[in-house]
Amino acid sequence: MSAPRYGMGFKVALIASAIVVFIGAGLFGVVAYEQRVTFQEIRTAEMVEAVRKTAFHAENHLYNYNIRELRSIATGIIEGRRVDLVWILDSEGRLLTDGSPRPALRNRRPQIGFIDRLLAGGAVRTEADETNLWAGTPVVLSNEEVLGYVIAAVPMEEFNNNIWSTIRKQSVVLGLALVSGIFAAILFGQRVAAPIETLREAADRIGSGDWDFKLQIDRKDEIGDLAKSINIMAERLNDGAISRDRLQALVDEKTAEIAMHRDKLEALVAERTQELQGAKETAERASRVKSEFLSSMSHELRTPLNAILGFGQLLDYSDQTGMDDEQRQAIHYINNSGEHLLNLINQVLDFNKIEDGNLSVYVESFKPMDEMRDCFAIASAMAMKHDVTIELQKDVAADTVIRADRTRFKQVLLNLMTNGIKYNTAGGKVFLDCDVVEGRYLRLTVADTGKGIAADQQHLLFEPFQRLGHESSSIEGTGIGLTITKKLVTLMRGRIGFESVAGKGSTFWVDMPLDLRSHEETPAAILDGRDGTDSIAVSENGKKSMLLYVEDNLDNIRLMELILDKEDEFTMISAPNAEEGLELAAQVDPDVILMDINLPGMDGFKALQALRSRGKGRHVPVIAVTASALPSEVQRGLEAGFAAYLTKPIRIDVTLNTIREAVASKEHSLV
């Protein structure tokens with residue numbers, strides 16, 4: 001049984017009715033949506049204003065981490081602005097307060113997608129979900145540093161109540177419109193159905209191949225125009241039909257061309273992908289080779305440099321009454337040249353880490369007074385050799401605390417001061433000054449009366465390997481010191497700048513962030529890592545401490561013997577490899593062991609592991625003394641269990657203090 005066939009008039013009426021219903025529903029939806037959007041925009045604007053004002057009031061309290069004031073601000077916003085929820089977060093998205101005395105999520109990050117998107121976007125953001133309308137903004141300092149975030153939310157219930165009221169009113173209007181539309185559609189269907197049915201029959205006949213058929217419709221409207229068009233179409237089909245086989249052949253030809261081009265494109269993409277993969281692997285291999293080369297170069301240079309600087313320090317510390325001025329000057333040249341070579345090695349390694357993106361800093365709070373005085377003392381000695389006067393115009397306040405990497409801070413300040421000395425003129429001056437700027441930075445200023453920098457060269461100052469005309473001069477340097485300095489300052493969240501006038505001199509300044517939360521005396525252990533007294537290595541019973549040195553380089557062994565011979569605290573024995581060192585350790589039970597890392601046969605790490613597995617040597621402190629000086633190698637050594645990690649070339653005073661502390665720690669552990 002076939003389905004009933006409905007007339008054209010019925011279909012037209014049905015379609016027209018559907019159009020009326022669709023238009024009515026659309027108008028209903030548009031009005032409801034516009035009302036919702038309008039109300040939501042108003043509430044959103046209010047909320048954005050609220051969170052911005054909250055961020056403005058909370059900025060100082062976030063910077064000072066004042067939770068009580070932040071909670072007071074959040075409570076005021078909730079009570080005064082029809083806001084259901086106010087959160088104040090830190091820069092990592094962790095909740096500081098929600099207005100309550102003890103928030104459940106304190107110091108944790110709420111698991112809400114809006115917060116993740118706000119932290120990722122870094123700008124004012126609004127959003128609506130099924131239950132709430134959200135608004136949030138970051139709290140940003142003038143230097144674009146994000147201190148935290150302010151987030152507010154209101155319930156969606158008030159929006160929904162207004163929408164339902166509008167729906168009830170518009171439903172009545174929509175019903176009346178539908179009835180009128182359906183009645184008009186019936187009349188329209190009757191008027192249009194008859195000629196359309198004639199056109200349908202003509203289309204069926206032409207479609208079945210009766211191209212001689214002619215429509216007999218004489219009307220001056222669209223129906224008449226359509227009838228004429230159908231007659232013309234039938235004539236053209238009858239006069240110039242295209243053969244199906246010819247059309248199919250054309251389609252097949254074009255399909256084959258498309259397939260051919262697709263195959264060529266896929267082959268080209270595969271070829272380019274392979275080339276890119278090869279280039280990536282080549283670059284990775286080159287990076288690995290460069291890192292391995294630098295590590296090997298550092299080790300190979302530090303090993304002989306250890307003997308040069310070590311014996312040079314011994315000569316410098318020894319009794320020089322029998323030496324003439326020329327011999328003393330020779331010792332001075334040996335030590336200075338060795339220090340310069342060591343500085344070049346360290347600069348090359350630092351620059352490599354900058355290129356690889358691996359340069360890191362350890363930021364802590366400390367008082368910079370001692371570090372500044374150390375730098376001033378070192379620079380003063382250098383200034384005397386260059387006939388330059390260095391002056392400290394104003395010392396840093398005793399209670400000033402900054403946030404920086406202690407070692408890198410000294411590296412930055414020393415680089416600026418030594419540059420001011422090296423590029424000065426005979427009889428010139430270098431001035432060191434400090435001051436607090438903007439209430440949150442300690443500014444260190446290094447000014448000199450040197451030759452200055454030409455204006456057309458100043459833009460190259462922080463570029464690597466740029467010596468600005470001093471390449472062929474006798475002034476020592478690599479051209480990467482200021483590049484490293486700027487990167488270190490940036491990593492420590494500081495600022496650096498300069499002013500220079502050719503022929504008059506240059507002024508460099510560095511701003512380091514102050515720790516505004518710290519007003520108490522920093523413990524001595526944090527400032528200098530020790531209590532100010534050296535440990536004594538002589539045992540309580542008066543016996544000398546036994547030191548075992550495992551080292552395969554005879555020059556290094558002889559150097560250590562000469563260092564310890566000048567002390568009455570130690571007796572030293574040595575072994576050329578780890579295997580013999582372990583045997584000696586089992587026989588003599590030393591108080592401390594100095595261990596090279598790169599030993600023939602068993603290396604220092606395996607030797608340490610073997611020593612710890614034996615009952616007798618488990619508590620003997622082992623100090624690594626090695627030319628492997630990369631930060632990753634130092635970290636690996638400390639994590640492996642070495643009591644300390646000394647890098648070659650060694651400093652005699654540092655080495656002796658480290659040995660004494662290790663001996664003292666062993667005796668305390670045995671008490």
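## A walk through the chain

In this predicted model, take the contacts between residues at least 6 apart in sequence: 69% of them join residues at least 24 apart. Keep that in mind as you look around.

**Start with the whole chain.** Show everything as a cartoon. The chain has 671 residues, and its secondary structure comes to 16 helices and 17 strands. Now switch on the surface. About 38,400 Å² of the chain is accessible, and carbon and sulfur atoms account for 54% of that area. As for the inside, buried residues make up 39% of the chain.

**Next, select residues 8-64.** This is helix α1, and Ile15 lies within it. Is Ile15 buried or exposed? Its relative accessibility is 51%, so Ile15 counts as exposed, the cut-off being over 50%.

**Add the partners of Ile15 on the surface.** Select Ile15, Ile19, Phe22, Ile23 and Leu27 together: these residues make a nonpolar surface patch of about 550 Å². Colouring them in one shade will help you see the patch.

**Now move to residues 652-670.** Here you will find helix α16, with Thr655 in it. Thr655 makes a good contrast to your last stop: its relative accessibility is 2%, and therefore Thr655 counts as buried, since buried means under 20%.

**Finally, look at what surrounds Thr655.** Which residues does Thr655 touch, not counting those up to four places away in sequence? Select Met560, Leu646 and Ile650, and you have them. Show their side chains as sticks along with Thr655 to view these contacts.

Definitions and conventions
Residues are numbered from 1 along each chain as its sequence is written. This is a predicted model: local features need pLDDT of at least 70, side-chain atom pairs count only at pLDDT 80 or more; totals for chains, interfaces and linings use all residues. Side-chain values use heavy atoms; hydrogens and water are left out. Helices (H or I, at least four residues) and strands (E, at least two) are DSSP runs, numbered from the N terminus. Buried means under 20% relative accessible area, exposed over 50%, partly exposed in between (1.4 Å probe, protein chains only). Contact means heavy atoms within 4.5 Å. Accessible areas come from the Shrake-Rupley method with a 1.4 Å probe; for residues, only the protein chains shown count as cover. Patches are made of residues with over 30% relative accessible area and no salt bridge: like charges are joined within 9 Å, nonpolar side chains (Val, Leu, Ile, Met, Phe, Trp, Tyr) within 5 Å. A salt bridge is a side-chain nitrogen of Lys or Arg within 4 Å of a carboxyl oxygen of Asp or Glu.
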